[in-house]
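This report describes a single protein chain for a reader working at the bench. Please examine the sequence and the structure shown here before reading on.

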Amino acid sequence: MSTPNAQSKTTSAFIAQAAIAFGISFCGVGVGICYLPLDMWQRGFLAMSLLFLVTSTFTLAKVVRDQHEAATVHGRIDQARLEKLLAEHDPFNSVS
């Protein structure tokens, strides 16, 4: 069981591996679309679908990451501190 404050550290080798794998797979699908025996509009549709798939995957990954960060103890403590500061702040109180 890990402690709530333990942060998982991603190594630079893992980041490089993920980036290289993404690049190879993206290029591979792009080359595959170019060499398919299809009309131009069919290739365009497949290319557009590939781009939408990639962008929606990045969006989904960001949403999952943001939800995970919001659920951590550290995130909840920071949120509570911010709410306390906002509740105590009086914008009409002029300090001279």
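The text below treats the overall fold, the surface and the aromatic contacts in turn.

The model is predicted. Its protein chain contains three helices and zero strands, and the order of elements along the sequence is α-α-α.

As regards the surface, 3% of the 96 residues of the protein chain count as buried. The accessible surface of the protein chain amounts to about 8700 Å², and carbon and sulfur atoms account for 69% of that surface.

The aromatic side chains merit separate attention. How many aromatic pairs does the structure hold? There are two. One aromatic pair is formed by F22 and F26 and is stacked: the ring centres lie 5.8 Å apart, with 20 degrees between the planes. An angle under 30 degrees counts as stacked, so the value for this pair meets the criterion.

Where do F22 and F26 sit relative to each other in the chain? Both belong to helix α1, which spans residues 12–35. Because F22 and F26 are four residues apart in this helix, about one helical turn separates them.

The accessibility of the two residues is set out below.

| Residue | Relative accessible area | Class |
|---|---|---|
| F22 | 37% | partly exposed |
| F26 | 28% | partly exposed |

The class follows from the cut-offs, because partly exposed covers the range between under 20% (buried) and over 50% (exposed). F22, at 37%, is therefore partly exposed, and F26, at 28%, is likewise partly exposed.

Finally, F22 and F26 join F58 in one aromatic cluster.

Definitions and conventions: Residues are numbered from 1 along each chain as its sequence is written. This is a predicted model: local features need pLDDT of at least 70, side-chain atom pairs count only at pLDDT 80 or more; totals for chains, interfaces and linings use all residues. Side-chain values use heavy atoms; hydrogens and water are left out. Rings of Phe, Tyr and Trp (its six-membered ring) pair if their centres lie within 6.5 Å; planes under 30 degrees apart count as stacked, over 60 as edge-to-face and the rest as tilted. Helices (H or I, at least four residues) and strands (E, at least two) are DSSP runs, numbered from the N terminus. Buried means under 20% relative accessible area, exposed over 50%, partly exposed in between (1.4 Å probe, protein chains only). Accessible areas come from the Shrake-Rupley method with a 1.4 Å probe; for residues, only the protein chains shown count as cover.
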